[in-house]
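Colleague: I'm new to this one and would like a close look at a single part. Could you walk me through the strands and what sits around them?

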Amino acid sequence: MQKMKVLVFMALTWCCMSAGNQAIAQGVAAFTLQLDVASQKNQVGDDETVTLKMTNISDHDIEYAVGGPEPFYRLLVRDIHDKAAKETAYGMKVHGTDPNRRRFFGSIFAALLKKGETVTDKIDLGKEYDLSTPGVYRVSASRIDPETHNVVKSNEIQITVLPK
């Protein structure tokens, strides 16, 4: 009987610990991502700059990587048929997808984003992606939360590229 109580206690302890770890893994992200665009309709070749804001919504300061060959987020740019937009030569270098890419040498460091603060990044989509074909493009961003290891996704915006 005593052994049975010990086994039940151990099983309950293990279940509670597993549930706690699962809650951490499925926890709420420490930040949000918000995409904005000045103009949703542009002609081919016009400025296609979007703004990405990362806001710390946690109850503590968080660190994020700055510098290096790639930005702190991953962009997803798709056309109306859900086909990924082609990267420009510059875009491949920035995103780390250039097959001829050399190893990166330089500085990567952590920046501190205080509780409630926002960091803003301007992204020239036309410089990173080939938007020379008129049409509607859907743009979103994502970043892994280092605390929960979950992918945090931004809102999705649409940009219409009109012929010149």
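Modeller: Here is a tour of the strands, then a pocket, then a few ring contacts. Keep in mind that this is a predicted model.

Let's start with strand β10, which covers residues 157–162. Strand β10 has a parallel pairing with β2, residues 41–43, and three bridges hold that match. If you want a spot to click on, Lys41 stands opposite Thr160 of β10. Strand β10 also pairs with β8, residues 135–144, but here the sense is antiparallel and the bridges number five. In that pairing, Gly135 faces Val161 of β10.

Stay with β8 for a moment, as this strand also takes part in a pocket. With three residues, β8 gives the largest share of the lining of the second largest pocket. How big is the volume of that second largest pocket? The figure comes out at about 220 Å³. Rolling a probe the size of a water molecule over the atoms is what shows where empty space is left. Around the second largest pocket you'll find 13 lining residues, and the ones nearest its centre are Asp79, Ala85, Asp130, Thr133 and Tyr137. As for chemistry, the lining of this pocket is a mix: six residues are nonpolar, three are polar and four are charged.

Now move over to the open sheet. Three strands make it up, in the order β1-β3-β7, with antiparallel pairing. Why do β1 and β7 each have a side without a neighbour in the sheet? Strands β1 (31–37) and β7 (118–124) stand at the edges and each has a single partner strand, so one side of each is left without a neighbour there. On average, neighbouring strands of this sheet are turned by 20° against each other, ignoring direction. Look at β3, residues 49–56, and you'll see its antiparallel pairing with β7 run over seven bridges. One place to find that match is Thr55, which stands opposite Thr118 in β7.

Last stop, the rings. If you go hunting for aromatic pairs, the structure holds zero of them. Charged ends do sit over rings, though. One of these is Arg143, whose charged end sits over the ring of Phe31, 5.2 Å from the ring's centre. Another is Lys127, with its charged end over the ring of Tyr90 and 4.4 Å from the centre of that ring.

Definitions and conventions
Residues are numbered from 1 along each chain as its sequence is written. This is a predicted model: local features need pLDDT of at least 70, side-chain atom pairs count only at pLDDT 80 or more; totals for chains, interfaces and linings use all residues. Side-chain values use heavy atoms; hydrogens and water are left out. Two strands pair if DSSP finds at least two bridges between them. Helices (H or I, at least four residues) and strands (E, at least two) are DSSP runs, numbered from the N terminus. On a 1 Å grid over the protein atoms alone, a cavity is a set of points where a 1.4 Å probe fits but cannot get out, and a pocket is an open set with protein on both sides within 12 Å along at least five of seven lines; lining residues have an atom within 4 Å of a point. Grid points are joined across faces, edges and corners, and a volume is the space filled by probe spheres set on the points. Ala, Val, Leu, Ile, Met, Phe, Trp, Tyr, Cys and Pro count as nonpolar, Asp, Glu, Lys and Arg as charged, and the others, Gly among them, as polar. Axes are lines fitted to C-alpha atoms, for helices over the stretch in contact, and angles run from 0 to 180 degrees between N-to-C directions. Rings of Phe, Tyr and Trp (its six-membered ring) pair if their centres lie within 6.5 Å; planes under 30 degrees apart count as stacked, over 60 as edge-to-face and the rest as tilted. A charge sits over a ring if NZ of Lys or CZ of Arg is within 6 Å of the ring centre and within 35 degrees of the ring normal.
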